[in-house]
Amino acid sequence: VVAFFAFAGLYLTSAQEFSAEVDVVYCPNNCSYPSGYCDPNLGCVCDAVHGTSDCSVAIVPIASHQTVTGTLLAQGWNLFSLPVTDASIQIIATLENTIGVGDPDLYMRLGSWPDRTHYDFADFSTQLTHALDISRPPLQTGTYYLGVYAYGSQNTAYSLTPRLYTCPNDCNVWNNQGVCNPTTHVCACNPGWTLSDCSASVTPLAQPVSYFGAPLGPLKWMYFELDISQSQYNNDVD
């Protein structure tokens, strides 16, 4: 069922030439009423818990660190809503293609459900794993909507996991590398770890010492720790 609205008005007081234009509003599937309605100016207007062009897809609430799985027909959508509070400074959303067939893409938008032209962040690569890693700014407080879209002509299956963190990468707490202060959003790294998210290991040095390690690639770092309070030597680093 497709709903159309067409409006035209014409009034002539005498014979004369004229031209007229008629605007037609297209509402596919009658906007899946009652999930939406057909507005004569806007087309389909969905209620608060449905989305897509015909309002046919339910928006499912999802929580941080919750994993959901699903299947999609080609060019189909699944939609999810995730509230982001002031306590969160980072979101990492991971999408896995669980069957290696098809191409599920990941979209995210603040305040409304995304589509292929309206989104704030997206990963539509052809990799089996998609990821969005967003920190403040541009991450904002509010409800973010995540959309999974089956690109191309093949059906697909996926798993989706969003994670909200109060400190960068949650200080890698799952590896016992640091602890997050939820008030300051600053990591306190455990001994042997450094950087803002406690992701880099630290090699302790003692004086005098010469360190020979594995070759270091371009744009790579190694970190060392030296306790100079116990040193009786000049501390020169080449």
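Q: What is the torsion about the S-S bond of cysteine 171 and cysteine 187, and is the disulfide left-handed or right-handed?
A: The handedness of a disulfide is read from the torsion about its S-S bond. In this predicted model, that torsion is about -90° for cysteine 171 and cysteine 187, so the disulfide is left-handed. The pair links distant parts of the chain, with cysteine 171 in the loop between S14 and S15 and cysteine 187 in strand S16 (residues 186-189), 16 residues apart. The sulfur atoms of cysteine 171 and cysteine 187 lie 2.0 Å apart.

Q: Are cysteine 171 and cysteine 187 buried or exposed?
A: Burial is judged from relative accessible area, and a residue under 20% counts as buried. Cysteine 171 has a relative accessible area of 0% and is therefore buried. Cysteine 187, at 13% relative accessibility, also counts as buried.

Q: Is the link of cysteine 167 and cysteine 180 left-handed or right-handed?
A: The torsion is again the value to consult. At 75° about the S-S bond, the link of cysteine 167 and cysteine 180 is right-handed. This pair, too, links distant parts of the chain: cysteine 167 sits in the loop between strand S14 (156-165) and strand S15 (178-181), while cysteine 180 belongs to strand S15, 13 residues apart. The S to S distance between cysteine 167 and cysteine 180 is 2.1 Å. Cysteine 167 is buried, its relative accessible area being 0%.

Q: Which cysteine is joined to cysteine 46 by a disulfide?
A: Cysteine 46 is joined to cysteine 55, with an S to S distance of 2.1 Å. The torsion about the S-S bond of this pair is about -90°, so the disulfide is left-handed. Cysteine 55 counts as buried because its relative accessibility is 0%.

Q: How many disulfides are there, and what is the pairing of the bonded cysteines in sequence order?
A: A disulfide is assigned where two cysteine sulfur atoms lie within 2.5 Å. By this rule the count is six. With the bonded cysteines of the protein chain numbered in sequence order, the pairing reads 1-3, 2-4, 5-6, 7-9, 8-10, 11-12.

Q: How many helices and strands does the protein chain have?
A: The secondary structure consists of zero helices and 19 strands. Contacts add a view of the fold along the sequence. Of the contacts in the protein chain with a separation of 6 or more, 57% are between residues 24 or more positions apart.

Q: What percentage of the residues in the protein chain is buried, and what area does the chain expose?
A: Of the 238 residues in the protein chain, 34% are buried. The chain exposes about 14,800 Å², of which carbon and sulfur atoms supply 54%.

Notes: Residues are numbered from 1 along each chain as its sequence is written. This is a predicted model: local features need pLDDT of at least 70, side-chain atom pairs count only at pLDDT 80 or more; totals for chains, interfaces and linings use all residues. Side-chain values use heavy atoms; hydrogens and water are left out. Buried means under 20% relative accessible area, exposed over 50%, partly exposed in between (1.4 Å probe, protein chains only). Helices (H or I, at least four residues) and strands (E, at least two) are DSSP runs, numbered from the N terminus. Contact means heavy atoms within 4.5 Å. Accessible areas come from the Shrake-Rupley method with a 1.4 Å probe; for residues, only the protein chains shown count as cover.
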